[in-house]
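Trainee: I would like to go through the labels on this model and test each one against its rule. Where should we start?

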Amino acid sequence: MSKLTKNQKSVAEKVETGKAYTLAEASQLVKDITTTKFDASVDIDVRLGVDPRKANQMVRGVVSLPNGTGKVTRVLCLCTPDQEAAAKEAGADYVGLDEYVEKIKGGWTDIDVIITMPSCMGKLGPLGRILGPRGLMPNPKSGTVTMDVAKAVKDVKQGKIDFKVDKAGIIHTSIGKVSMPAEHILGNAKEFISTVIKLKPAAAKGTYIKSIFISSTMSKGIKIDPKSAE
């Protein structure tokens, strides 16, 4: 059996196995146990008491994190010429239409979010095989297909994220960076969990929030007491 490194021993001493921490405690603890040299992401995993195979129990939504994501989000806005100036002013990194559609066809996906207009969606259809697997296909439900592209760009740049439950009934997403103050991580976590609670399907029975864990990119998970997150 391999020996624990000095850092691993330090982390093991800080996190009690089986203990459920409050959201506030975990927001500080995730910073304390992260030893990576890079600015790791802070991730949250919420296991729900739903059956995602049933359409009436699918949980999907968007949330604007009050303290931002802590990372630079590269936004491509595919829009008509009359909306290009507004999109650029709102902070879009790339703005245009046909030239970017061709770039994507050629394999370019060096972006994090694509925002477009309903009238432009027809040109994105053939790109489904490229954008779909990467989670880049715009969707009206996530607010990335809209007539007001400038507002959508601004929202994403300020910390708007979209999420959905996976086949195992778990929502996994990033809510910040370990370099952020603990109170900012806490604020983002509270806003995210509150949004998930509001999206509880009427068809879901029994316990809705089954478990919550917070971790950083390469740290162990910290168990959260769900009641502390309400």
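Mentor: Start with strand β1, which is joined to strand β7 (residues 170-177) by seven bridges, running antiparallel. This is a predicted model, where local features need pLDDT of at least 70, side-chain atom pairs count only at pLDDT 80 or more, and totals for chains, interfaces and linings use all residues. Residues are numbered from 1 along each chain as its sequence is written, and side-chain values use heavy atoms, leaving out hydrogens and water.

Trainee: What makes β1 and β7 a pair?

Mentor: Two strands pair if DSSP finds at least two bridges between them. β1 and β7 have seven, so the rule is met. One position to look at is Asp-43, which stands opposite Ser-174 in β7. Strands themselves are DSSP runs (E, at least two residues), and helices are runs of H or I, at least four residues; both are numbered from the N terminus.

Trainee: Which strand does β1 pair with over seven bridges, besides β7?

Mentor: Strand β8 (residues 209-216), also in the antiparallel sense. There, Asp-45 stands opposite Phe-213.

Trainee: Why is β1 called largely enclosed?

Mentor: Count its buried residues. Buried means under 20% relative accessible area, exposed over 50%, and partly exposed in between (1.4 Å probe, protein chains only). In β1 (residues 41-48), six of the eight residues are buried, so the rest of the structure largely encloses the strand.

Trainee: How do you know that Asp-51 and Arg-53 form a salt bridge?

Mentor: The rule asks for a side-chain nitrogen of Lys or Arg within 4 Å of a carboxyl oxygen of Asp or Glu. For Asp-51 and Arg-53, the closest N and O atoms are 3.0 Å apart. The pair therefore qualifies. By this rule, the count is seven salt bridges.

Trainee: Are Asp-51 and Arg-53 buried or exposed?

Mentor: Asp-51 has 17% relative accessible area, so it is buried. Arg-53 has 74%, so it counts as exposed.

Trainee: What makes Lys-157 and Asp-93 a salt bridge?

Mentor: Their N to O distance is 2.7 Å. Lys-157 lies in helix α7 (residues 149-157), while Asp-93 sits in the loop between α3 (81-90) and β4 (94-96), so the bridge ties together parts 64 residues apart in sequence. Lys-157 is partly exposed at 33%. Asp-93 is partly exposed too, at 37%.

Trainee: What is the separation of Glu-102 and Lys-105 along helix α4?

Mentor: Three residues, about one turn of the helix (residues 98-105). Their closest N and O atoms are 3.6 Å apart, and they form a salt bridge.

Trainee: What is the strand order in the open sheet of three strands?

Mentor: The order is β4-β3-β5, with parallel pairing. β4 and β5 (113-116) are the edge strands, because each pairs on one side only. Strand β3 (residues 75-78) is joined to β5 by four bridges, and Val-75 has Val-113 as its bridge partner in β5.

Trainee: Which residues have the most contacts inside the largest nonpolar core?

Mentor: Leu-48 and Phe-192, in a core of 37 residues. Such a core is a set of buried Ala, Val, Leu, Ile, Met, Phe, Trp, Tyr and Cys residues joined through side-chain atoms within 4.5 Å. Helix α8 (182-198) is among the elements giving two or more residues to this core, and α8 gives the most, with six.
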